[in-house]
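Work through the following exercises with the sequence and the model side by side. Each task is followed by a solution that goes step by step.

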Amino acid sequence: MADDFELDTGDIERRMEGAIASLRTEFASLRTGRASASMLEPIMVDAYGSPTPINQVGTVNVPEPRMVTVNVWDKSLVGKVEKAIRESGLGINPQLNGTIIMLPIPELNEERRRELTKVASQYAENGRVAVRNVRRDGMDQIKKAKADGMSEDDQKFWETEVQELTDAFIKAVDDALENKQAEIMQV
């Protein structure tokens, strides 16, 4: 009856990859002292009555290593975009030039770099927790199948499969954190 149990490892892997993708998005929003268009991705602008990503109200460019510009398409939204950037917590002071908002990226000091590595560590821990939650769901499916009559050999096989996936994704989270911390601390 339960001998034909087939754990959908593809689904587990997809969900774990989703946790890694979410972590990469969070890492992209961390400032590293270099200008990057992705640092503005998490910022939402109250445009036309609903929160809208900044890249949907204007063109985000990086004309030089320490400057990001946002060319706002609708003049009426310039103030709202500027306000959203100021309130985002990025620590950047926008400068207006018509419909173009210039964001000079200041050099990071040592204390701010250490703070950002702590934030990156927190993001990584959230990523690890998300991966472990997916692991728990997989293990619960296996326990349910065991209760329905799955053999112990099959149970061990599937638990090993899930654990190997988990270990691989936890290692990916740790590697991503290590790379991000090195990038942040680079002067």
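**Exercise 1. Determine how strand 5 and strand 6 pair, and place them in their sheet**.

Strand 5 and strand 6 (residues 100-104), taken from DSSP runs of E with at least two residues and numbered from the N terminus, pair in the antiparallel sense over 3 bridges, where pairing requires that DSSP finds at least two bridges between two strands. One residue pair to locate is Q95, whose bridge partner in strand 6 is M102. The model is predicted, so that local features need pLDDT of at least 70 and side-chain atom pairs count only at pLDDT 80 or more, while totals for chains, interfaces and linings use all residues. Residues are numbered from 1 along each chain as its sequence is written, and side-chain values use heavy atoms, with hydrogens and water left out.

The next step is the sheet itself, which is open, has 4 strands in the order 3-4-6-5 and pairs in the antiparallel sense. Strand 3 (58-64) and strand 5 (95-97) stand at the edges with a single partner strand each, so one side of each lacks a neighbour in the sheet. From one strand to the next the twist averages 25°.

**Exercise 2. Describe how strand 3 connects to strand 4**.

Strand 3 and strand 4 form a hairpin with 2 residues between them, and their antiparallel pairing runs over 5 bridges. Within this pairing, E64 has M67 in strand 4 as its bridge partner.

**Exercise 3. Which residues of helix 1 meet helix 4, and at what angle do the two helices pack**?

Helix 1 (residues 9-28) and helix 4 (residues 152-185), helices being DSSP runs of H or I with at least four residues, pack at an angle of about 10° with their axes 11 Å apart. Axes here are lines fitted to C-alpha atoms over the stretch in contact, and angles run from 0 to 180 degrees between N-to-C directions. Helix 1 is therefore roughly parallel to helix 4, a term for angles under 35 degrees.

On the side of helix 1, T9, I12, E13, M16, E17, I20, L23 and F27 make the contact, which means heavy atoms within 4.5 Å. Their counterparts in helix 4 include W158, V162, L165 and F169.

**Exercise 4. Is W158 buried or exposed**?

W158 has 9% relative accessibility and counts as buried, the cut-off being under 20% relative accessible area, with exposed over 50% and partly exposed in between (1.4 Å probe, protein chains only). F157, at 43%, is partly exposed.

Notes: Angles under 35 degrees count as roughly parallel, over 145 as roughly antiparallel, 65 to 115 as roughly perpendicular and the rest as oblique.
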